[in-house]
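Let's look at a protein together and ask how each label is earned. Take your time with the structure first.

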Amino acid sequence: IMGAFEKMGAKGVCATIPDVTSIPFFNTVTLEAIGAEVWITEGPYSNNPGNVRKATPDDLILLSTKDKFSTTTGHGFVQANPLTHEEVLDKDEVAVVRNHTTLLNNEIKASANAHGAAIADMHEYMFSLKSGLMFDGVAFDAKFIEGGAFSLDGVHPNTRGYALVANKFIEVINQAYGSNLR
């Protein structure tokens, strides 16, 4: 595709893939927020699939899991009834996701560079959003609901979040091609 665009003389921008662990879906339900021990079942990419252990801050509990904890049945709070591996991204799975994302982003950058396309590094941009950024005097971050950039599913940007993404593309276009888009 990049070769075809290049042959046509088309110019464009390629975007890297954000690290999904930077979004609210994986950063809202934390051990600190829960305030109790959490037990998890390690997933298929872990060193010990099916192993039950206490969660650590390196494990990411899914936003969709927040309503599945139970003080009645102990789900998530006791070793005998841990969170399932579908309800958590364990530390080994986090490493697999991050490594694969890095691999794909390296391919995207190499292809863009080989064909003269600009690169919008959305991987880095989403981490800056996670840390917090200002745009036109308005503060944004990746906190669920109150951060102002993500929809209620904790995965997709809301309209303001998509505007931030669009502005990042505009910034890259202006820088790479000498444009003055606003």
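Q: How do you know what volume the largest pocket has?

A: The volume is about 170 Å³. A volume is the space filled by probe spheres set on grid points, which are joined across faces, edges and corners. Before we go on, this is a predicted model, where local features need pLDDT of at least 70, side-chain atom pairs count only at pLDDT 80 or more, and totals for chains, interfaces and linings use all residues. Residues are numbered from 1 along each chain as its sequence is written, and side-chain values use heavy atoms, leaving out hydrogens and water.

Q: What makes a space a pocket or a cavity?

A: On a 1 Å grid over the protein atoms alone, a cavity is a set of points where a 1.4 Å probe fits but cannot get out, while a pocket is an open set with protein on both sides within 12 Å along at least five of seven lines; lining residues have an atom within 4 Å of a point. By this rule there is one cavity of 30 Å³ or more, and the largest cavity holds about 50 Å³ of space.

Q: Which residues line the largest cavity?

A: Among them are Tyr125, Met126, Phe150 and Val165. Helices α5 and α6 each supply at least two residues of this lining; helices here are DSSP runs (H or I, at least four residues), numbered from the N terminus.

Q: Why is isoleucine 1 called exposed?

A: Its relative accessible area is 81%. Exposed means over 50%, buried under 20%, and partly exposed in between (1.4 Å probe, protein chains only), so isoleucine 1 counts as exposed.

Q: What makes lysine 91 and aspartate 92 a salt bridge?

A: A salt bridge needs a side-chain nitrogen of Lys or Arg within 4 Å of a carboxyl oxygen of Asp or Glu. Here the N to O distance is 3.8 Å, so the pair fits the definition. In general, side chains of opposite charge can pair when their charged atoms come close.

Q: Is aspartate 92 buried or exposed?

A: Aspartate 92 has 15% relative accessibility, so it counts as buried. Its partner lysine 91, at 35%, is partly exposed.

Q: How do you know that glutamate 171 and lysine 168 form a salt bridge?

A: Their side chains meet at 3.2 Å, N to O. Both lie in helix α6, three residues apart, about one turn of the helix. Glutamate 171 is partly exposed at 45%, whereas lysine 168 is buried at 16%.
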